[in-house]
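Got your viewer open? Let's take a walk through this model, one selection after another.

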Amino acid sequence: MRVSNLTKKIKGKTLVDNVSFNIKKGEIIGLLGPNGAGKTTTMRMILGLVSKNNGSILINDKEQSKYLETVLADVGGIIETPDFYPYLTGFENLKYYSDINHVKSNNEVMQGVLKLLGLEHAQNKKVSSYSLGMKQRLGIAQTLIHQPKLLILDEPMNGLDPNGIKELRDYLKTIAKEKEISILISSHLISEIEVLCDKAIVMKNGKIIESLNLNTTNKQHGINVTIEVDNPISASEIIRKFKEDSQPTINKLNSEIMLNFCKADIPLLLLNLLSNNINVYEVKYNKKSLEDRFIQAIGGKSVE
């Protein structure tokens, strides 16, 4: 999917402002931002639930606004909490959904989807007996019945306990990897976005203010490192010569040096220290969390 210059205005107020991003096959992208940032409105526009004022949405190289029905045949989505008939079983709910939406899906496909999401043991139980986590997974199963290539999930982890969150996270990873389904997910659980997603897009006041590649950010831009040595003053001079902009800071109490350094260059730095008769006792990577980077990006305020 390719979103370009997407804009939504209501009564003179801009809810989504010139938003652009791409999602590759099998990629999981997280949308982060405080309440009112424009995350849900962006998702609603992608699903055709809300009209756009400007911009384009290409799904499988087709413009969504021109080929809405065709395009949405390859998309599954959950906005807010999924709802089901409590007196029907999980399997019966999926069957009913398939019938009313004219989805060509046989029993084998539905059972396969239920198994993929760990619900095969509960497919013949009434949904009234399901936990919240099971209902969320059944909602995702519903979006997968027509075998989409893209999933849009708005706050799917809301209300889940830690075990339910982990289960859902694992199933989403499996879906992306085994079925090569692309997933766009929003959440206030920043730590879950960090372990689930390939990329995080941070929105504020309708705009994208930061796009973070969670797989490579530290390798490209450096990480905070603490190195314990026997002679921190001499080691600092060697580090400065090795890389002029490293700006090492000495902690004299425990002979540690703190610096920001590209991860790929650290082995060479250690070899340089050792070759200059500096004994290295410990190297610690002080990774900056996604939450730290998020709060920095939005100006010091936490997620609401």
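Which residue in strand 13 is the bridge partner of N251? Select N251 and look across: the partner is E256. Before we go on, keep in mind that this is a predicted model.

**Stop 1: the hairpin**

Stay where you are and colour strand 12 and strand 13. Together they form a hairpin, with 4 residues between them. Click on S255 in the turn, and you'll find a positive phi of about 55°. The two strands run antiparallel and are joined by 3 bridges. You've already seen one of the partnerships; for another, pick I250, whose bridge partner in strand 13 is I257.

**Stop 2: the sheet around the hairpin**

Now widen the selection to the sheet of 4 strands. This sheet is open, its order is 12-13-11-14, and its pairing is antiparallel. Which strands stand at the edges? Strand 12 (249–251) and strand 14 (280–286) do; each has a single partner strand, so one side of each is left without a neighbour in the sheet. Turn the view slowly to follow the twist, which averages 25° from one strand to the next.

Next, highlight strand 11 beside strand 13. They run antiparallel, with 6 bridges joining them. Select N224 and look for what stands opposite: N260 in strand 13. While the side chains are showing, here's a handy thing to know: in a regular strand they alternate between the two faces of the sheet.

**Stop 3: two helices on that sheet**

Add helix 9 (residues 232–242) to the picture. Helix 9 packs on the sheet and touches strand 11 (223–229), strand 12 and strand 13. Its direction makes about 15° with that of strand 13. Then bring in helix 10 (residues 266–275), which also packs on the sheet, touching strand 11, strand 13 and strand 14. The direction of helix 10 makes about 155° with that of strand 14.

**Stop 4: the sheet of 6 strands**

Time to move on. Select the open sheet of 6 strands, with the order 6-7-8-3-9-10 and mixed pairing. At its edges you'll find strand 6 (75–79) and strand 10 (207–213), each pairing on one side only. The twist here averages 15° from one strand to the next.

Zoom in on strand 9 (residues 199–204) and strand 10, an antiparallel pair joined by 6 bridges. If you pick M203, you'll see I208 of strand 10 standing opposite. Then swing over to helix 5 (residues 132–144), which packs on the sheet and touches strand 6 and strand 7 (150–154). Helix 5 points in a direction that makes about 150° with that of strand 6.

**Stop 5: helix 3 and its partners**

Keep helix 5 on screen and add helix 3. The axes of these two helices come within 10 Å and cross at roughly 35°. The crossing is right-handed. To see where they meet, show G90, L94 and Y97 in helix 3 with L138, A141 and Q142 in helix 5. Sorted by class, this contact has 4 nonpolar, 2 polar and no charged residues.

Now swap helix 5 for helix 4 (residues 107–116). Helix 3 (residues 90–100) packs against helix 4 at an angle of about 125°, and their axes are 11 Å apart. The two are therefore oblique to each other. Helix 3 passes helix 4 in a right-handed crossing. Select F91, L94, K95 and S98 on helix 3, then N107, M110, Q111 and L114 on helix 4, and you have the residues that make the contact. By class, there are 4 nonpolar, 3 polar and 1 charged residues in this contact of helix 3 with helix 4.

**Last stop: a salt bridge**

How many salt bridges does the structure hold? There are 8. Let's visit one: select E80 and R44, whose side chains meet at 3.7 Å, N to O. E80 lies in the loop between strand 6 and helix 3, while R44 is in helix 1 (residues 39–46), so the pair ties together parts that are 36 residues apart in sequence.

How values were computed: Residues are numbered from 1 along each chain as its sequence is written. This is a predicted model: local features need pLDDT of at least 70, side-chain atom pairs count only at pLDDT 80 or more; totals for chains, interfaces and linings use all residues. Side-chain values use heavy atoms; hydrogens and water are left out. Axes are lines fitted to C-alpha atoms, for helices over the stretch in contact, and angles run from 0 to 180 degrees between N-to-C directions. Angles under 35 degrees count as roughly parallel, over 145 as roughly antiparallel, 65 to 115 as roughly perpendicular and the rest as oblique. A crossing is left-handed if the near helix is turned anticlockwise from the far one by less than a right angle, and right-handed if clockwise. Contact means heavy atoms within 4.5 Å. Ala, Val, Leu, Ile, Met, Phe, Trp, Tyr, Cys and Pro count as nonpolar, Asp, Glu, Lys and Arg as charged, and the others, Gly among them, as polar. Two strands pair if DSSP finds at least two bridges between them. A salt bridge is a side-chain nitrogen of Lys or Arg within 4 Å of a carboxyl oxygen of Asp or Glu.
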